[in-house]
Each structure stands twice: as structure tokens, then as C-alpha cells.
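I opened the notebook today to go through one protein model, working from the whole chain inward to single residues. The entries below record what I looked up, in the order in which I looked.

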Amino acid sequence: PELVARVHLGLEGRLTALVAGAGYGKTTLLVQALESSPMPSVWLSCDPRLRTPEMLVAHVAAGVAGSFPGVASALPPGGAPEHQIAALANELLETIPDDFVLALDDVHALGDGPVLEALGLLASDLPPNVHLAMTSRRDLAIPAPRVTAAGAAVVGEDMLAFSFQEATELLEDAPGRPGEAEIGELHQRTEGWVAGLLLATRSSTGTGPPQEVVTI
């Protein structure tokens, strides 16, 4: 609940970033926060196919059009990404008066290069009623002067890592019911990494392969 509240507070600003490795619960947390937020949201998943500015802008426009029918469905064809982003920003400003969240999941999949410049333009140029939320497995090197000046809310691994008490609650129904000492050792070994806690428990009880990878 404390993390959901922190994300809600961040969503009142321009940009909220959840940055941590795989298995820390970034996507789960953002979904929970959006489900309990009064603001509507547009959810977009990122993947390597979006590693050009043109594809990213088209993906964002399609997502907005899906949630707000008739909006952002006719961006000017071709042209520089900055012109398309400016056109999208102007249309959103004129057609959507209420606040909403534009959520981009797995931003790390976009890679580096010009696509990050386009992401920076989105973060800087979209109207104030658009609140960006992003998840990433690595720090976001987004060139967005306006966002940098205003500050971004960041939820990192230190916040997403489970405390000993949270680890105890998580594992109380785990196979074999590990005791307090065992949970303490697992918590120390995993440093509160939730996927690591679960995998270590499954491995020690033989209910799952040790090499299993969980992505959250």
C-alpha cells in the first residue's frame, strides 16, 4: 500500500519511473496503482519493434486512439518525429480536457539512440494533463529538459525490495513452510528480490527448477 501511494503521488507530476531489474514487481505495482487511481490510463507495452521514433509515435497514437476514440487517429503521414509529436500534443490539448496517465511498460526494450530523443520529446511536449508512467530495467537516459527541471518521481530497487516482514508474509504459505531462520537467510541472500525469494523457496523444496526465470 505504501508503494501504491508513492506511485499515486508521482502520477500527480509529469513523470513517474519505476526502475529495477526483472522480478522486482515494477509492472505489478504500476498496474495496481493505475487500477486504484481516479485517472483513466492508456497502457502501452514496449518491445524491440518500436526502436525507431516513427514506430514509437505511431504506437502511442494508436494507444491513445484506442482509449479515446477519434483522438490521435489521423496524425500527419511521414515527416519528422518532432512534427508528429507536436501535432499529437496539440490535438490532445484541444480534445482531452481531463487528466490521464500514459503508461509505457518495459521502456528498456526500446534501446538507445534516436528513439530516446522521441521519448524525451513526448515527456516534454505532451500537455500538462498527460502524466507519463514508465517501467524499465535500467536508468532512463531521456533527454527531456522540462521533465528534468520539474523533477521525476522514481521508484527504484531499494523501495521495491521486500523487507524481512514482507518476505515472511510472502512465504508463509510457501511449500514446506520455511521457518523464521530460513526466511531470514533467504532474505539476506536475495536482498529482498521478490522473484529470488520465490525461486529460492521452490528450489529448496524441489517444486521448481532452480534456473527458472520469472519476469514481473
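What follows are my entries on the overall make-up, the sheet, two of the helices and two loop residues.

**Entry: the whole chain.** I note at the outset that this is a predicted model. I began with the secondary structure, which comes to 10 helices and five strands. I then looked up how much of the chain is covered, and found that 46% of the 216 residues count as buried. For the surface I wrote down an exposed area of about 10700 Å², of which carbon and sulfur atoms supply 55%. Turning to contacts between residues at least 6 apart in sequence, I found that 71% of them join residues at least 24 apart.

**Entry: the sheet.** In what order do the five strands lie in the sheet? I read the order as β2-β3-β4-β1-β5, in an open sheet with parallel pairing. The edges are formed by β2 (41-45) and β5 (153-155), each of which pairs on one side only. I also looked up the turn between neighbouring strands of this sheet, which is 15 degrees on average, with direction ignored. Helix α3, made of residues 53-67, packs on the sheet and touches β2 and β3, and I noted that the direction of α3 makes about 140 degrees with that of β2.

**Entry: β3 and β4.** I went on to the pairing of β3 (residues 100-105) with β4 (residues 130-136), which is parallel and runs over five bridges. Within this pair, I found Ala103 standing opposite Ala133 of β4.

**Entry: strand β1.** I next asked whether the residues of β1 (residues 15-19) are buried or exposed. The strand is mostly covered, and I counted five of its five residues as buried. Leu15, Ala17 and Val19 point one way from β1, while Thr16 and Leu18 point the other way. I then followed the pairing of β1 on both sides: five bridges join β1 to β4 in parallel, and three bridges join β1 to β5, again in the parallel sense. Ala17 takes part in both pairings, with Met134 as its bridge partner in β4 and Val154 as its bridge partner in β5.

**Entry: helix α2.** I listed the buried residues of α2 (residues 26-35), which are Lys26, Thr27, Leu29, Leu30, Ala33 and Leu34. These buried residues lie on the same side of α2, because they cover an arc of only 160 degrees around the axis.

**Entry: the loop between β3 and α5.** Two residues of this loop held my attention, and I took Asp106 before His108. Asp106 is found in the loop between β3 and α5, and its phi is near 65 degrees, a positive value in a residue other than glycine. I set beside this the general rule that most residues other than glycine have a negative phi. With a relative accessible area of 25%, Asp106 is partly exposed, since buried would require a value under 20%.

His108 is found in the loop between β3 and α5 (114-125) as well. Which residues does His108 contact, leaving aside its neighbours within four places in sequence? I found Thr135, Ser136, Arg137 and Arg138. For one of these, Arg137, I looked up a polar pair: its backbone nitrogen lies 3.1 Å from a polar atom of the His108 side chain.

Methods. Residues are numbered from 1 along each chain as its sequence is written. This is a predicted model: local features need pLDDT of at least 70, side-chain atom pairs count only at pLDDT 80 or more; totals for chains, interfaces and linings use all residues. Side-chain values use heavy atoms; hydrogens and water are left out. Two strands pair if DSSP finds at least two bridges between them. Helices (H or I, at least four residues) and strands (E, at least two) are DSSP runs, numbered from the N terminus. Axes are lines fitted to C-alpha atoms, for helices over the stretch in contact, and angles run from 0 to 180 degrees between N-to-C directions. Contact means heavy atoms within 4.5 Å. A polar contact is a pair of N or O atoms within 3.5 Å; within protein, one must be able to donate a hydrogen and the other to accept it, and residues adjacent in sequence count only if both atoms are side-chain atoms. Buried means under 20% relative accessible area, exposed over 50%, partly exposed in between (1.4 Å probe, protein chains only). Accessible areas come from the Shrake-Rupley method with a 1.4 Å probe; for residues, only the protein chains shown count as cover. The arc is that of the directions from the helix axis to the C-beta atoms.
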